[in-house]
Amino acid sequence: MAISLLNPKAEVARAAQALAVNISAAKGIQDVMKSNLGPKGTVKMLVSGAGDIKITKDGNVLLHEMQIQHPTASLIARASTAQDDMTGDGTTSTVLVIGELLKQADNYISEGLHPRVLAEGFDKAREKTLEILEKVKIPVEVNRESLLDVCRTSLRTKVHQNVADLLAEVCVDSVLQIKKDDKPVDLHMVEIMEMQHKTETNTKLVKGLVLDHGSRHPDMPKSLKNCYILTCNVSMEYEKSEVNSGFFYKTSEEREKMVLAEREFIEQRVKKVVELKKKLCNGTDKSFVVINQKGIDPMSLDLLAKEGIIALRRAKRRNMERLALACGGIALNSFEDIQESHLGYAGHVYEHVLGENKYTFVEDCKNPSSVTILIKGPNKHTLVQIKDAIRDGLRAINNTISDGAVVPGAGAFEITANKELNVFKDTVKGKARLGIAAYAEALLVIPKVLATNSGFDAQDSIVKLQEECRLNPEPVGIDLTSGEPINPKDAGIFDNYIVKKQIINSCSVIASNLILVDEIMRAGMSSLKG
C-alpha cells in the first residue's frame, strides 16, 4: 500500500472495497428518496436541531435540509440540487437513476468486467437516449391548456391533488400575465406573498401587488376605488441639516421662526401632492394613493388624511420597482412639476388587517407586468410547502415556454428508451454493449418506483408496460390509479423536455465517475498544523 508509506494515518479503501463503498452510498440515498417519487409518493418529516418541522416530498428540499455525512452520498445529493437549480425539477429522479446505474454496474463488475468498458457503454447509451428523447418530444404551442398540463404534472408530485390543480391555474395565469411577446419570462416579476390565514385552497392570484404594511394614520380611508397611484422616493418628514450646525437665538421668537421655516419646507412638498389630487380627483369618482419609499411624518400624514389620500411610508425598494410595472407610472424622486402621466392606476386599493399585521392590496391594474401570488395556509410548514411547490410550478411553465416542447410523462419515455436501447445494443460490437444493457435496465427504475409507490407490483406493471410498448408505436405510460398502461398524451401527463435532458446527461457522467473510482483515501492535510 503505497499511501500508507507516505501517510501511516491514511484511511484507504482499495478496488473492490472502494466500489462497494460508492455503490452502498448510492443505494442508501436512493432508498431514502425512492418512496417520494410521483403523485402517489409518501412524504418525509424533517425535524431540525431546534425542533422545527418540515413536511415535504420535494427531493430538492430533502437533500438541502438533510445532513449527509457520507462523501459519495453528498456528491450525488449535490448533483441533484444542481439539477434543481438549473431546471427546477427532477431531483428525486436524478438520485434514483444514479443509484440504479451503480446497482446494475455492480452486477457486471463483480463478474470481472472492467469499469472503463462499462463507462464507455454508458456514454454510448447516453448519446442514443438523447436521440430517443428528441424523437419522443412533442412540440407544443404556448397556450393555457398545454401549460396547465405540464404544471399540473409537476405540482401533483409535490402537494395534494386538489391543491395542485388550484395552484397550477394560479401559476399558469401569473406567467401568462407577465409574458411579453418574444422576451424571456422574468419569474422575479411574480411576487410570492405569504399570509397565515384560512386554508391552502384560498391561495389566489392578485393582478397587482400585495404590500406587507398598511397606512399609518387612523383617519385614512381603508378602501379606495379608481385610484391614481403616486410612487415616489421623497422624504416628507422633518430632517436635521446635513452639516452639524449650532444656532444661537437672541429671542424665543427667532427660534419659532426657524422651526416654522423648516416645517414650511416639508409642507410645501405635501401641498404639491394635495394640489395634484384636487386637480385630478375633485368632482370625479377617482381617488389618490401615495406610496413613498422614505418616511412621512405625523403632521404630513394628517394633511394627507384630511384629503382622503391613503399614504404608505417606507415601502420596500423591490416593491417600488414592481409597483411601476404593475400599475404603470414612474417612480418620482422629486415633486417638481408632477404631471398626470407620472401616475399609475389601480382599480381598487384596500387594506386587510390580520392580527397585528396589515396588508395593502393594490388590485385591478390595467395591464400589469408584475403580479402577486398570495399564499394562504393555516400554519407555517404548509405555507413553506406550498411556496416550494409554486416555485417549481413556475419553473416548469417557464421551461415549457423556452423549450417549446414537452415529453410524455408517467414513465413513458423511460419505457420507450429501454425498448430502443435493447435494439441498439445488438448493433454494438464488443463488451461496451453490456454497458448499454445496464443503462437500459437502469432507466426502468422510474416506472418501477412509480408502480411500487402506488401500491402495485413492480414486476407485473413493467411486464405489462413492455408488452404494450412492443405492440403500440405511441409512448406508453403507467396509470397510477389502476396500474394499467395508458397513453400519457390523452391523460395530459407531460414532463419538461429540459429536465429529462439534464437527468440523462448528469446521471451518466456521475455514475461513470463513481464506477471508475478504485481507491478512496482519507489522507487530506489535517487542519491543525501540529
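## A three-strand sheet and its helices

Helix 8 lies across strand 5, strand 6 and strand 13. Helix 8 runs at about 165° to strand 13. This is a predicted model. Helix 12 lies across strand 5 and strand 13. The angle between helix 12 and strand 5 is about 165°.

**The sheet**

What order do the strands take in the open sheet? The order is 5-13-6, and the pairing is mixed. Strand 5 (190-196) and strand 6 (204-206) are the edge strands. Each of these two pairs on one side only. From one strand to the next, the twist averages 30°.

Strands of a sheet pair through backbone hydrogen bonds, either parallel or antiparallel. Both kinds of pairing occur here. Strand 5 and strand 13 (residues 371-377) run parallel and are joined by 7 bridges. Strand 6 pairs with strand 13 in the antiparallel sense, over 3 bridges.

Some residue partners in strand 13 are listed here.

| Residue | Partner in strand 13 |
|---|---|
| M193 | L374 |
| M195 | K376 |
| L205 | I373 |

**Strand 13**

Is strand 13 mostly covered or uncovered? Strand 13 is mostly covered, with 7 of its 7 residues buried. Its residues point two ways. V371, I373, I375 and G377 point one way. T372, L374 and K376 point the other way. The residues on both sides are buried. Two of the partners in the table, L374 and K376, therefore point the same way, as an alternating strand would have it.

**Helix 7**

Now turn to helix 7. Helix 7 covers residues 144-156, which is 13 residues. Why does its length agree with expectation? At 1.5 Å a residue, helix 7 should span 18 Å, and its end C-alpha atoms are 18 Å apart, so the two agree.

Which residues of helix 7 are buried? They are S146, L147, L148, D149, V150, C151, T153, S154 and L155. An α-helix has 3.6 residues a turn, so residues three or four places apart point the same way.

What do the buried residues of helix 7 pack against? They pack against two helices, helix 8 (161-178) and helix 12 (380-403). They also pack against strand 14 (405-408) and strand 17 (494-496). Helix 8 and helix 12 appeared earlier, as helices that lie across strand 5 and strand 13.

Key. Residues are numbered from 1 along each chain as its sequence is written. This is a predicted model: local features need pLDDT of at least 70, side-chain atom pairs count only at pLDDT 80 or more; totals for chains, interfaces and linings use all residues. Side-chain values use heavy atoms; hydrogens and water are left out. Helices (H or I, at least four residues) and strands (E, at least two) are DSSP runs, numbered from the N terminus. The expected span of a helix is 1.5 Å times one less than its number of residues. Buried means under 20% relative accessible area, exposed over 50%, partly exposed in between (1.4 Å probe, protein chains only). Contact means heavy atoms within 4.5 Å. Two strands pair if DSSP finds at least two bridges between them. Axes are lines fitted to C-alpha atoms, for helices over the stretch in contact, and angles run from 0 to 180 degrees between N-to-C directions.
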